[in-house]
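Please open the model in your viewer and keep the selection panel at hand. The tour below moves from one selection to the next and says what is to be found at each stop.

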Amino acid sequence: VPFDDRDGWIWMDGAMVPWRDAKLHVLSHALHYASAVFEGERCYGGHIFKLREHTERLIASAKILGFDLPWSAEEIDAACNATLAANNLTDAYLRPIAWRGPEEMGVAAKHTKVHMAIACWEWGAYFGVEQRMAGVRLSMAPWKRPHPDTAPTASKAAGLYMIGTLSKHAAMDAGYDDALMLDWKGDVAEATGANVFLVIDGEIHTPKPDNFLDGITRRTVMGLARTRQMKVVERIIPESDLARATEVFLCGTAAEVTPVREIAGRTYTPGEITRTLMTDYSALVHMSPDDVAKRAA
Ligand code: PMP
């Protein structure tokens with residue numbers, strides 16, 4: 001079903017709008033100049049996992065692109081929960097997005113109004129049920145993550161997904177599930193919508209997020225690993241280290257923890273560490289915030 005032709009409600013600029021009416025004008029600045037930032041969140045059993053972290057990242061992403069959201073973090077959190085309630089969903093994916101409107105056309109956008117919408121829908125396994133268990137196959141992306149001086153790489157900005165879509169399409173055309181992106185120097189960065197971890201000599205290695213998104217799931221998984229006394233190393237990871245890894249997995253809000261079984265012809269067997277972190281992550285996201293607080297205390 002196309003995303004513009006569904007039943008339900010979308011929160012838009014402070015009001016709950018019937019799904020099919022949540023439209024914007026073709027001369028919106030964001031459509032022409034990519035002045036948009038967004039989030040991807042998951043709700044489990046009625047609780048949006050790490051809601052405040054996502055809301056704060058949305059506000060920070062907008063600030064990096066030079067605009068302030070006309071809503072406070074409290075208001076955005078409440079709007080996310082209201083959107084779920086309006087759609088009668090307790091287990092869903094949420095997509096808040098903020099963008100510059102049509103009030104001005106041209107590169108300059110200082111006088112545009114900042115708009116915001118929140119949609120939610122049911123979304124099962126990001127890569128499909130079979131891949132979630134058996135693992136995904138990645139190709140090497142034809143595009144490199146840009147140097148942080150050449151793009152606002154710390155923002156979850158719509159424009160940064162241009163090379164993601166191109167890389168993912170190239171992967172799919174070659175029969176893969178997704179692409180692994182290197183950065184401009186040729187070091188391992190991330191997949192097109194998830195961060196990457198490698199198990200090397202029984203330790204967990206993940207690239208330092210200096211030119212790609214510092215995922216909320218990534219930080220959660222590092223915490224879970226440390227709770228289990230696993231050693232976690234954040235460092236620059238050269239492409240050649242892919243040959244040293246015994247397990248590889250991806251993680252992200254949509255992807256959760258997903259094993260990788262191949263990267264461009266090199267195969268991996270999802271092992272003990274990947275399985276343990278998949279189980280721990282699943283248990284954590286399904287806990288209520290009260291249970292999480294009790295566990296931390
Ligand atoms: N990298 C990219 C490019 C992404 O789109 C995502 C998903 N938002 C991630 C990493 C993982 O981020 P998070 O764990 O915060 O969802």
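Contact here means heavy atoms within 4.5 Å, and that cut-off applies to the helix pairs visited on this tour of a predicted model.

Begin by selecting helix H6, residues 216-227, together with helix H7, residues 272-285, whose axes come within 10 Å and cross at roughly 110°. H6 and H7 are therefore roughly perpendicular to each other, since angles of 65 to 115 degrees are counted in that way, and their crossing is right-handed. To see the contact itself, display the side of H6 formed by Thr217, Thr220, Val221, Leu224 and Ala225, which meet Leu277, Asp280, Tyr281 and Leu284 of H7. Sorted by class, this contact of H6 with H7 has six nonpolar, two polar and one charged residues.

Next, keep Thr217 selected and add the ligand, because Thr217 belongs to the group that comes nearest to the ligand among the 14 residues around it, along with Lys156, Tyr161, Glu190 and Thr253. Which atom of Lys156 should be examined, and how far is it from the ligand? An N or O atom in the side chain of Lys156 is 2.7 Å from a nitrogen atom of the ligand. At Ile216, a backbone N or O atom lies 2.8 Å from an oxygen atom of the ligand, whereas at Arg57 the N or O atom that is 2.8 Å from a ligand oxygen belongs to the side chain.

From Arg57, move on to helix H2, residues 51-64, and add helix H3, residues 73-86; the two axes come within 10 Å and cross at roughly 120°. H2 and H3 are therefore oblique to each other, and H2 passes H3 in a right-handed crossing. Finally, display Leu51, Arg52, Thr55 and Ile59 in H2, which meet Ala73, Glu74, Ile76, Asp77, Cys80 and Asn81 in H3. By class, five nonpolar, two polar and three charged residues make up this contact of H2 with H3.

Key
Residues numbered from 1 in each chain as written. Predicted model: local features only at pLDDT ≥ 70, side-chain atom pairs only at ≥ 80, totals over all residues. Heavy atoms only, no water. Axes fitted to C-alpha atoms, helices over the stretch in contact; angles between N-to-C directions. Helix = DSSP H or I, 4+ residues; strand = E, 2+ residues; numbered from the N terminus. Parallel < 35°, antiparallel > 145°, perpendicular 65-115°, else oblique. Left-handed = near helix turned anticlockwise from the far one by under 90°. Nonpolar A, V, L, I, M, F, W, Y, C, P; charged D, E, K, R; others polar. Near = heavy atom within 4 Å. Polar contact = N/O pair within 3.5 Å; in protein donor to acceptor, adjacent residues only side chain to side chain.
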